[in-house]
Amino acid sequence: MSLLSVRNLVIDYPRTRALDGADLTLQPGESLGLVGESGSGKSTLGSAVGRLLPTTARRTDGEVLVAGEPVFELPAARLRHLRRKHLGFVFQDPIASLDPTMRVGAQLRLVLGRGGDVGFHLARVRLDDPRVPRAYPHQLSGGMAQRVAIAMAMATSPELLVADEPTAALDSQVREEVSNVVFSLAAEAGTGILWLSHDLPAVARRCDRVAVMYGGRVVESGPAREVLGDLAHPYTAALAGSAPAAAAHGVRLRPVPGRPPVLDGPSAGCAFAPRCPFAEERCEHERPVPVRVREQDVLCHRAGELELRVSQGDAVPEGAVSEGGVVPQDGAVSEVKA
Ligand SMILES: Nc1ncnc2c1ncn2[C@@H]1O[C@H](COP(=O)(O)OP(=O)(O)OP(=O)(O)O)[C@@H](O)[C@H]1O
């Protein structure tokens, strides 16, 4: 049985459709990186896993199963039990996720219960300084506060940790250390990770599998090595071309041309079609269904037909980016052969 199964999930906020039929599975102990541009629906999906959506959000269709339990159907007591026993959450802003009025040790003790060893759990996230348990959250650096939040989320050895860009607000050195802590604790405890991020190469380096979101749907998922190594979806290729690792020294990063969609209802066709250099007429009108390409599940009418590549030579020289930051559609992505 999958640890997490998201099926055709549709979530609406007033005037905005955040998820437009998202599908995702995660197996026990597996790490899955969920990547996409801002607004693609990552946080909404991550919050939906624990039914932690804002009160203005409405589930219009679909379901979320955690360890086989239908999260949106559960009565309040069962939902609380599921969250406590099976799920852990870490968010981007650690200070906001800790109680500013309580010392760190006291907060951790609340999670651990009587007899819990605060020092042990802080040492596991490499916070050995004896002053830490007596500190208030605002007295800690961002990296230290995030380690405390991780210690709290991992204290019960959850089956699934949802990490919503936990390193985005940290500087690069600390980012690596905090990521190391999460992945090594999760490996020790056999915890599955759903890691939400903008950073495709970083996710591909750390996670077993990658899922790429666009316009509220997962447009490609598969083993990390394959998704980046054997490009199958034009959006994944565009995202890979816009990533820091793809840019040579002194060359400006190429943004994905055009703007991501803001949906107010179901997308009529492929949401990426207006930005896709390979779009055909049917892409505008027919919603793609998942097809298997090698080891990936891909939502693209032309999946399997395109062979895509991204090369450093395609990056845009300084000054070639237009005023709006949008590059004309000559594409960082190119087709090797049709
Ligand atoms: N509380 C809310 N009320 C109304 N609309 C919202 C709310 N939260 C998110 N949205 C909208 O839903 C869509 C998906 O947003 P979401 O935050 O899930 O995407 P994201 O990929 O996590 O973006 P980011 O990386 O910027 O956090 C966006 O269009 C966003 O503006």
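Which residues does UniProt list for "domain: ABC transporter"? Select 4-240, the span given in that unreviewed entry. UniProt positions follow the numbering used here, feature names are shortened, and annotations may be inferred rather than shown by experiment.

This is a predicted model: local features need pLDDT of at least 70, side-chain atom pairs count only at pLDDT 80 or more, and totals for chains, interfaces and linings use all residues. Residues are numbered from 1 along each chain as its sequence is written.

Stay on 4-240. The end C-alpha atoms lie 26 Å apart. The span is 38% helix and 27% strand. Helices (H or I, at least four residues) and strands (E, at least two) are DSSP runs, numbered from the N terminus.

**Stop 1: the ligand**

Show the ligand and the 14 residues that surround it. Here, near means a C-beta atom, placed from the backbone, within 6 Å of the molecule. Label Y13, A18, S38, S43 and T44, the closest ones. Now colour β2 (16-26) and α1 (42-49), the elements that each give two or more residues to this shell. The largest share, 3 residues, comes from α1. By class, the shell has 4 nonpolar, 9 polar and 1 charged residues. Ala, Val, Leu, Ile, Met, Phe, Trp, Tyr, Cys and Pro count as nonpolar, Asp, Glu, Lys and Arg as charged, and the others, Gly among them, as polar.

**Stop 2: α4 on α6**

Select 104-112 (α4) and 142-154 (α6). Their axes come within 9 Å and cross at roughly 15 degrees. Axes are lines fitted to C-alpha atoms, for helices over the stretch in contact, and angles run from 0 to 180 degrees between N-to-C directions. That angle makes α4 roughly parallel to α6 (under 35 degrees; over 145 is roughly antiparallel, 65 to 115 roughly perpendicular, the rest oblique). Show side chains for V104, Q107, L108 and V111 of α4, then V148, A151 and M152 of α6, which make the contact (C-beta atoms, placed from the backbone, within 7 Å). These residues divide into 6 nonpolar, 1 polar and no charged.

**Stop 3: α6 on α7**

Keep α6 and add α7, residues 172-189. The two axes come within 10 Å and cross at roughly 10 degrees. These helices are therefore roughly parallel to each other. On α6, pick G143, Q146, R147, I150 and M154. On α7, pick V174, E177, V178, V181, V182, L185 and A189. This contact divides into 8 nonpolar, 2 polar and 2 charged residues.

Technical notes. Two residues are in contact if their C-beta atoms, placed from the backbone, lie within 7 Å.
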